[in-house]
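Let's take a walk through a protein model, one piece at a time. Keep the 3D view open and turn it as you read.

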Amino acid sequence: MTILCVRFQLPPMYEAALPELLGLLEEFTPVVEALPPDGALADLRGAERYFGRDAVELASVIRVRALALYGTDCVIGAGPGPMLARMALRDARPGLTRAVPGGEEREFLAGRPVAALPGVGTATARTLCEYGLDTLGRVAAAPLSTLQRLVGARAGRELHEKANGVDRGRVVPNGVSRSLAAERPFTRDELDPDRHRRALLSAAGELGARLRAVDKVCRTLTLTVRYADRSATTRSRTPKEPTAHSAALTRTAYDMYEALGLQRARVRSIALRAEGLAPAEQASHQLTFDPVDEKVRRIEEVADRARAKFGPRAVMPGSLAA
């Protein structure tokens, strides 16, 4: 086990602390890949030799330092590669690192549904399940030629390797991406679609206000829905034009949510991420003669001035678009 996948348990709107927490990981290894808004991958191959401890022991030290220095707990998955470390993270709990020892990759994967494998989308999972390949153990045992006929030559080979525990991924050092995120956790696993939409409305309103406060627009909006079983679905969409307009962000978020087709899904949290940020003055905009749109934009300007003068709670995010 040489790779750690760490998720810091940061409260919503506290992702600004992530760079400092990445610095904590960099005390052990320079090979750290940020996974905003609250996570990171760390390659500890050199650190294991240098400190004379294995990855699980180093994970315990990282957890203690994060608590002592930043008051932040974390959950950690460990594995021979990034894919396995990410999957192990789903089973991790605070205070206990979930590890996948080398040589036990196939056993770890065997009983999991095919949809749990990174890169396997809904359509691919449906195709595999139609042929009885509903677990990774069955996919691993299937002939390579069969998988290639079902999902294609390249995808079939990658699927066969991953199901057998072959993890060819690597940790790519980077900085925190140019993005902003807003997350809305629920106090209990939420089934009501109306509450899901209200969370999206609030998150989009917050993102719009934060983007306008720093004179930025976003080119891409990403939606992450986390479920009660700790799995997650992520979708991205590019709006018609770069925007910081809360109403436009809300419409895009609603479209992604509707496309998921969730039915009675037990949702634990919903997060939106604005990516590809650029200066607002460099963005081009479609001219509009819609008086309603112009009115909403003027109201946004007034609300932004109120937030700047009286604080972020002067106008609750999302209230204008309601």
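What follows is a tour of two sheets, the helices beside them, a loop residue and a pocket.

One thing before we set off: this is a predicted model.

**The four-stranded sheet**

In what order do the strands of the open four-stranded sheet sit? Reading across, the order is β6-β10-β8-β9, and the pairing is antiparallel. At the edges you'll find β6 and β9, each of which pairs on one side only. Ignoring direction, neighbouring strands here are turned by 10° against each other on average.

Now zoom in on strand β10, which covers residues 267-275. Is β10 largely enclosed or largely open? Seven of its nine residues are buried, so β10 is largely enclosed by the rest of the structure. The cut-off behind that word is simple: a residue is called buried when its relative accessible area is under 20%.

β10 has a partner on either side in the strand order. One is strand β6 (residues 179-190), which runs antiparallel to β10 and is joined to it by eight bridges. The other is strand β8 (residues 220-227), and this antiparallel pair also has eight bridges. If you'd like to check the register yourself, try the residue pairs in this table.

| Residue | Stands opposite, in β10 |
|---|---|
| S179 | E275 |
| E190 | V267 |
| L223 | L272 |

Two helices pack on this sheet. Helix α10 (residues 193-213) touches β6, β8 and β10, and its direction makes about 155° with that of β6. Helix α11 (residues 246-260) touches β8, β9 and β10, with an angle of about 45° between its direction and that of β8.

**A loop residue worth a click**

Carry on along the chain from α11 and look for R264, which sits in the loop between α11 and β10. Most residues other than glycine have a negative phi. R264 isn't a glycine, yet its phi is positive, at about 55°. How exposed is R264? Its relative accessible area is 64%, and exposed means over 50%, so R264 counts as exposed.

**The five-stranded sheet**

The other stop is an open sheet of five strands, in the order β2-β3-β1-β4-β5, and this one has mixed pairing. Its edge strands are β2 (32-35) and β5 (98-99), each pairing on one side only.

Start at the β2 edge. β2 and β3 form a hairpin with three residues between them, and they pair in the antiparallel sense over four bridges. One of the matches is A34 with its bridge partner A40 in β3. In a regular strand the side chains alternate between the two faces of the sheet. You can see that in β2: V32 and A34 point one way, E33 and L35 point the other way, and all of them are buried.

Next in the order come β3 and β1. Strand β1 (residues 3-8) and strand β3 (residues 39-43) pair in the antiparallel sense over five bridges. Here R7 stands opposite G39 in β3.

Helix α3 (residues 55-70) lies across β1, β4 (74-79) and β5, running at about 20° to β1. Helix α4 (residues 82-89) also packs on the sheet, touching β1, β2, β3, β4 and β5; its direction makes about 140° with that of β4.

Within α3, pick out V56. Is V56 buried, exposed or partly exposed? Its relative accessibility is 26%, so V56 counts as partly exposed. V56 also shows how folding brings up distant parts of the sequence: V56 and A99 are 43 residues apart in sequence and 7.3 Å apart in space, C-alpha to C-alpha.

**The largest pocket**

Rolling a probe the size of a water molecule over the atoms shows where empty space is left. The largest pocket has a volume of about 1,500 Å³. Which residues lie nearest its centre? They are R90, S231, A232, T233 and T234, out of 46 lining residues.

What kinds of residue line the largest pocket? The lining divides into 22 nonpolar, 11 polar and 13 charged residues. The largest share of the lining, five residues, comes from strand β9 (residues 232-237). That brings us back to the four-stranded sheet, where β9 is one of the edge strands.

Technical notes:
Residues numbered from 1 in each chain as written. Predicted model: local features only at pLDDT ≥ 70, side-chain atom pairs only at ≥ 80, totals over all residues. Heavy atoms only, no water. 1 Å grid on protein atoms, 1.4 Å probe; cavity = no way out; pocket = protein on both sides within 12 Å on 5 of 7 lines; lining within 4 Å. Points joined across faces, edges and corners; volume = space filled by probe spheres on them. Nonpolar A, V, L, I, M, F, W, Y, C, P; charged D, E, K, R; others polar. Buried < 20%, exposed > 50% of the residue type's maximum accessible area, 1.4 Å probe, protein only. Pairing = 2+ DSSP bridges. Axes fitted to C-alpha atoms, helices over the stretch in contact; angles between N-to-C directions. Contact = heavy atoms within 4.5 Å.
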